Amino acid sequence: MSFFNSIGRSMGRSGRPKGSSQRSPTSPDLPQFPGGGGFSQFSQPQQQQTGALGQTNGKPLYLCNPFVRSALIKGSFKTIVVLPKYVDQREWVAVNLFDFFNNLNQFYGVITEFCTVQNNPTMSAGIGLDYTWVDQNRKQVKLPAPQYIDYVMTWVGGLLSDEATFPTKAARDFPPTFMVTAKHIYKQLLRVFAHIYHAQFQWLLHLCCEGHFNSLFAHFIAFGREFDLFEFDEFKQSGNSSGGGYPGVCDLIVAWVQLGVLDEGVLR
């Protein structure tokens with residue numbers, strides 16, 4: 001019996017999961033698999049796209065008190081990410097990726113009107129750092145943040161609805177490459193988190209939902225480390241090969257380790 005079915009979260013076969021992003025009418029066909037994506041460094045560091053609203057004395061708001069401590073959950077996340085008894089690890093990874101995707105997509109839906117091509121012409125995750133998308137010709141291309149996120153959500157939503165990749169029916173097993181696919185999904189969702197913190201966090205504050213978003217991200221990081229979907233050094237260096245910036249949320253992860261929100265093991 002599939003774990004998805006056993007908890008009542010079987011996904012419909014008529015389309016992508018509820019709440020997933022719709023493809024932009026101006027977007028070209030998506031590549032079948034985005035791979036790892038890439039990054040590019042600005043020749044000159046640019047100012048924060050969020051402007052003064054996104055910083056306090058040059059420090060991102062998400063690193064300032066009381067926002068850095070804002071959360072719904074107190075204590076260790078270990079107890080909610082550990083593999084339950086009698087549950088297959090791939091089932092546990094699958095159902096959690098499904099939940100992370102839906103929850104992140106709902107948060108993005110709340111602030112999507114602020115994430116525009118004009119305000120966010122690149123998929124930025126820190127000063128001097130843009131993520132790039134791999135197109136059908138395997139070339140890295142810069143995209144505006146809303147288009148990049150639309151691509152990510154459409155691609156992930158399609159995989160979650162694909163019975164061959166995320167089986168929900170009895171007697172169907174996960175493909176041998178499932179964990180590789182899961183890691184690619186996790187990596188792309190991580191970039192969406194990083195961009196929202198960098199460029200949209202002030203709107204989460206305005207809506208008084210920063211505690212919810214912090215808790216979701218901390219849960220996401222703890223889960224990724226528990227099942228080898230996340231490596232801190234790899235993530236930090238994804239924007240640092242030229243000696244430039246790195247994803248700003250790396251500082252947030254370190255701060256949470258110092259505050260005891262996350263276990264020190266996430267930094268290994």
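Which element gives the largest share of the lining of the second largest cavity? That share, 3 residues, comes from α6, where helices (H or I, at least four residues) and strands (E, at least two) are DSSP runs numbered from the N terminus. The model is a predicted one, in which local features need pLDDT of at least 70 and side-chain atom pairs count only at pLDDT 80 or more, while totals for chains, interfaces and linings use all residues. Residues are numbered from 1 along each chain as its sequence is written, and side-chain values use heavy atoms, with hydrogens and water left out.

**Overall fold**

The protein chain holds 8 helices and 6 strands, arranged along the sequence as α-β-β-β-α-α-β-β-β-α-α-α-α-α. Of its 268 residues, 53% count as buried, a term that means under 20% relative accessible area, with exposed over 50% and partly exposed in between (1.4 Å probe, protein chains only). Among contacts (heavy atoms within 4.5 Å) in the protein chain with a separation of 6 or more, 76% join residues 24 or more positions apart.

**Core and helix α8**

The largest nonpolar core, a set of buried Ala, Val, Leu, Ile, Met, Phe, Trp, Tyr and Cys residues joined through side-chain atoms within 4.5 Å, has 75 residues, of which Leu-189, Tyr-197, Phe-217, Phe-220, Ile-221 and Leu-262 touch the most other members. The elements that give two or more residues to this core include α3 (89-111), β5 (129-134) and α4 (145-160), and α5 gives the most, with 14 residues.

In helix α8 (residues 249-259), the buried residues are Val-249, Cys-250, Leu-252, Ile-253, Ala-255, Trp-256 and Val-257, and they pack against α5 (178-206), α6 (210-226) and α7 (232-237). Leaving aside residues up to four places away in sequence, Tyr-197 touches Val-249, Leu-252 and Trp-256, and also Tyr-62, Phe-213, Asn-214 and Phe-217. Just after α8, Gly-260 takes a positive phi of about 85 degrees.

**Aromatic rings**

There are 21 aromatic pairs in the structure, counted for rings of Phe, Tyr and Trp (its six-membered ring) whose centres lie within 6.5 Å, with planes under 30 degrees apart called stacked, over 60 edge-to-face and the rest tilted. Tyr-186 and Phe-220 form a stacked pair, at 4.0 Å centre to centre and 5 degrees between the planes. Because Tyr-186 lies in helix α5 and Phe-220 in helix α6, the pair ties together parts that are 34 residues apart in sequence. Both Tyr-186 and Phe-220 are buried.

**Backbone exceptions**

Most residues other than glycine have a negative phi, and most peptide bonds are trans. The peptide bond from Asn-65 to Pro-66 is cis, with omega near 5 degrees, and Pro-66 is placed in the loop between β3 (59-60) and α2 (78-81). Two residues other than glycine with a positive phi are set out below.

| Residue | Phi | Loop | Relative accessible area |
|---|---|---|---|
| Tyr-86 | near 70 degrees | between α2 and α3 | 85%, exposed |
| Arg-138 | about 60 degrees | between β5 and β6 (140-141) | 55%, exposed |
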